[in-house]
Amino acid sequence: MNVQTATRHPRFFTEDEVLAIREGVNGVFGGIPSRFYYDEEIYQWEVENILKKQWLLVGRADEAANPGDYFTIRMFDEPIVIVRGKDQKLRALINVCQHRFAQIVEEGRGNAKLFMCPFHRWTYALDGQLMGISVQDIPGVNKKDCRMPELRLDVWHGFVFINFDANAEPIANQYKALDPVFETWGVADFECRLNDQFDAPWNWKITYEAGMEGYHHVGVHHDRIEADIPAKHTDIICESEITTGYRMWWKDGMPEKYRQPFGTPPGEMGVDWDDDPRVLFGFPTFNTWINNYQSTYIVFEYGATALTGKGRICQAFPKWALETEHAEEALKFNTEFAREVQYEDEFASRIVQQGITSKTNGRALFHPLEKQMNRFHNWYLDRFLVG
Ligand code: FES
Ligand SMILES: [Fe+2]
């Protein structure tokens, strides 16, 4: 057994369960046990000890491009507003009034000069500082000491992440392995054009695992993808401690309808184009299907409990693509494809959650095309090494 595991036994796991993940049984790797997908005690532990220490994707910087632009999101029952200040800085503020804790900004997006709580009209600057108390000040309260609490926020290649851990390392250190391809394709300048919310009454891990391998092309995507990109044409790439991914290649070359729908990318972005879409994962929750004309990604809004999340399926495109002659048509084709594939992945998530609560479940049996799952589960297991 792994030395680290032998000396530091992970919480919530039995030794057999650890072995199945670390070393497999008879050469077959198993996943984390079923109860990790619905047990509330485990979920609350995950929230405090894993998820609140991670960089969590909330959207794209271009969604709040100008001073005063904002959008809201809810994570672990914390109402949050992402807002660009007059100083051009993006901030993640807890969207709660310091008077009697009303949610200040209604859920959604828009542009504001300041935030005013509707309950008693206290006002806050775009950086969260309390500006005004209505009617008269409260003796003994210094407005300068009063502000909407702020979370860490980091922007990486245009993706906006927040972190509940004030001491977290910058995200750029974490996903270095993905930098070369993101830089070549100018991902920092992509613009978000699809942002559809979906209910996710299943565990957050199921959403991510539904896209972590290309093996499921043979199943839920059988009619839409398998004929062009068979499950067996998916291959692991980009392995590092914190990331994994797979490349999918087209059976008979890329069909015309998918080939450069916006036309030839300019300069560097068109160089070394090899037709192959890539799905990249940064653990635990960043995933994108990306190539030089689009990035499809999921923003997950974690619920207060294990099965009450929401998600958003999003797509961003480079500026050059959005300015081409056939942009409107190509955009429509891409967003519709993303929606249809997402619908099938939601179906997969739903049926896994329906089956995963069975008390008869033993260990999962990973197929050779699902090696990424084992990498993720080892990473996940490492987070449980405490004491
Ligand atoms: S709760 Fe916001 S002003 Fe009273
Ligand atoms: Fe899928």
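**Entry 1: D345 and the iron site**

I began with D345 in this predicted model, and found that D345 touches A210, H216, V220 and H221 once residues up to four places away in sequence are left out. D345 sits in helix α9, which covers residues 327–356. I noted that D345 is buried, because its relative accessible area is 14% and the cut-off for buried is under 20%. I also looked up a C-alpha separation: D345 and I206 are 139 residues apart along the chain, yet their C-alpha atoms are separated by 9.7 Å.

I then turned to the iron ion (ligand 2), which is coordinated by NE2 of H216, NE2 of H221 and, listed twice, an OD atom of D345, at 2.0 to 2.5 Å. Along the chain, I wrote the spacing of these donors as H-x4-H-x123-D. H216 in the loop between α6 (204–209) and α7 (222–226) and D345 in α9 are 129 residues apart, and the pair links distant parts of the chain.

What arrangement do the four donor atoms around the iron ion (ligand 2) make? I recorded it as irregular, because the angles they subtend run from 56 to 148°, whereas a tetrahedral assignment would require all angles to lie between 85 and 135 degrees. For reference I wrote down that the ideal angle for four tetrahedral donors is 109.5 degrees.

For H216 I checked the surroundings as well. H216 touches A210, G211, H221 and D345, again without counting residues up to four places away in sequence. H216 is buried, with a relative accessible area of 14%.

**Entry 2: helices α2 and α10**

I next looked at α2 (residues 15–22), whose buried residues are E17, V18, A20, I21 and R22. Just after α2, I found G24 with a positive phi of about 80°.

How do α2 and α10 lie relative to each other? The axes of α2 and α10 (residues 371–383) come within 9 Å and cross at roughly 140°, and I therefore entered the two helices as oblique to each other. On the α2 side the contact involves V18, I21 and R22, which meet N374, H377, N378, L381 and D382 in α10. Sorted by class, this contact has three nonpolar, three polar and two charged residues.

**Entry 3: V81 in strand β3**

I looked up V81, which has its place in strand β3 (residues 78–84). V81 is buried, with a relative accessible area of 0%. Its contacts, not counting residues up to four places away in sequence, are Y70, F71, T72, R91, A92, L93, N95, F115 and M148. I also noted that the C-alpha atoms of V81 and G128 are separated by 10.0 Å, with their positions 47 residues apart along the chain.

**Entry 4: backbone points to check**

I kept in mind that most residues other than glycine have a negative phi, and that most peptide bonds are trans. D77, in the loop between β2 (69–75) and β3, has a positive phi near 70°, and D77 is partly exposed, with a relative accessible area of 44%. Q88, in the loop between β3 and β4 (90–94), likewise has a positive phi, near 75°, and I counted Q88 as partly exposed at 45% relative accessibility.

Which peptide bond did I record as cis? The bond joining F283 and P284 is cis, with omega about 5°, and P284 lies in the loop between β14 (278–282) and β15 (286–291).

How values were computed. Residues numbered from 1 in each chain as written. Chains lettered and ligands numbered in written order. Predicted model: local features only at pLDDT ≥ 70, side-chain atom pairs only at ≥ 80, totals over all residues. Heavy atoms only, no water. Buried < 20%, exposed > 50% of the residue type's maximum accessible area, 1.4 Å probe, protein only. Helix = DSSP H or I, 4+ residues; strand = E, 2+ residues; numbered from the N terminus. Axes fitted to C-alpha atoms, helices over the stretch in contact; angles between N-to-C directions. Parallel < 35°, antiparallel > 145°, perpendicular 65-115°, else oblique. Contact = heavy atoms within 4.5 Å. Nonpolar A, V, L, I, M, F, W, Y, C, P; charged D, E, K, R; others polar. Donors = N, O, S within 2.8 Å, 3.2 Å for Na, K, Ca; no water. Tetrahedral: all angles 85-135°; square planar, octahedral: opposite > 155°, others 65-115°.
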